[in-house]
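Trainee: Could we go through the aromatic rings together? I would like to see how each label is earned.

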Amino acid sequence: MPPSTRLKYRLMTLADGQRLLDVDSDPMVMKFISNGVPTSEHDLDNIVLPRLAKYLQPNKGWGIWEVCDKVSNDYLGWILVRPMHFFSTHPEFDNWELGWRFKQSTWGKGYATESAKHIMQTLSDKHKVYSFSAIAVAENIASIHVMKKIGMSFEKSAFHVDPLINMQMEYFRIEV
């Protein structure tokens, strides 16, 4: 993945668990994901990494993309890419989900917007994908703002069912 204006990217591997914990250990980062409960090392080893192993496909760009500052090389957070509803009985292989988590110290600096937009554009140029989607609870105004800034439009409000999350979500989407 080529760099963007301020950021560089690397597809994370199963050996990058500690990097994921660096972000997921902050209760504020996890506020709208797990009601503020940080990811434990046990959950990382038994849930997060096994799930990543199921959708990690570097040749397609699926996985979790590490986002670092291009100049300082500081780790800022990550962008998830996988087929929408991947863990359901009806994954959407032409509609890819984008998700993001960034360290609290980086919030408000446009990193999520820059990286999500760059990764979306780069992958849509290289792969057969019809659209990108993202989801968030209605209270997660910052993530919904990122969705709008990268060109996504509100699609629906619906109950999202996933092995880890069962709750009402706002769905946003953009056709590419």
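Trainee: Why is Y55 called buried?

Mentor: Keep in mind that this is a predicted model. Y55 has 3% relative accessibility, and buried means under 20%, so Y55 earns the label.

Trainee: What makes F87 partly exposed?

Mentor: The relative accessible area of F87 is 23%. Buried needs under 20% and exposed needs over 50%, so F87 falls in between and is partly exposed.

Trainee: Good. How many aromatic pairs are there in the whole structure?

Mentor: A search finds 7. Among them is Y55 with F87.

Trainee: Why is the pair of Y55 and F87 called edge-to-face?

Mentor: The ring centres are 6.1 Å apart, and the limit for a pair is within 6.5 Å. The planes make an angle of 80°; edge-to-face asks for over 60 degrees, so the label fits. This pair links distant parts of the chain, with Y55 in helix α3 and F87 in the loop between β3 and β4, 32 residues apart.

Trainee: And how do you know that R51 sits over the ring of F87?

Mentor: R51 lies over the face of F87, 4.0 Å from the ring centre, and the cut-off is within 6 Å.

Trainee: What makes W96 and F132 an edge-to-face pair?

Mentor: Their centres are 6.0 Å apart with 90° between the planes, so they pass the limits of within 6.5 Å and over 60 degrees. W96 is in strand β4 and F132 in strand β5, 36 residues apart. Both are buried, and ring pairs link them with W62 and F93 into a cluster.

How values were computed. Residues numbered from 1 in each chain as written. Predicted model: local features only at pLDDT ≥ 70, side-chain atom pairs only at ≥ 80, totals over all residues. Heavy atoms only, no water. Phe/Tyr/Trp six-rings, centres within 6.5 Å; stacked < 30°, edge-to-face > 60°. Helix = DSSP H or I, 4+ residues; strand = E, 2+ residues; numbered from the N terminus. Buried < 20%, exposed > 50% of the residue type's maximum accessible area, 1.4 Å probe, protein only. Lys NZ or Arg CZ within 6 Å of the ring centre and 35° of its normal.
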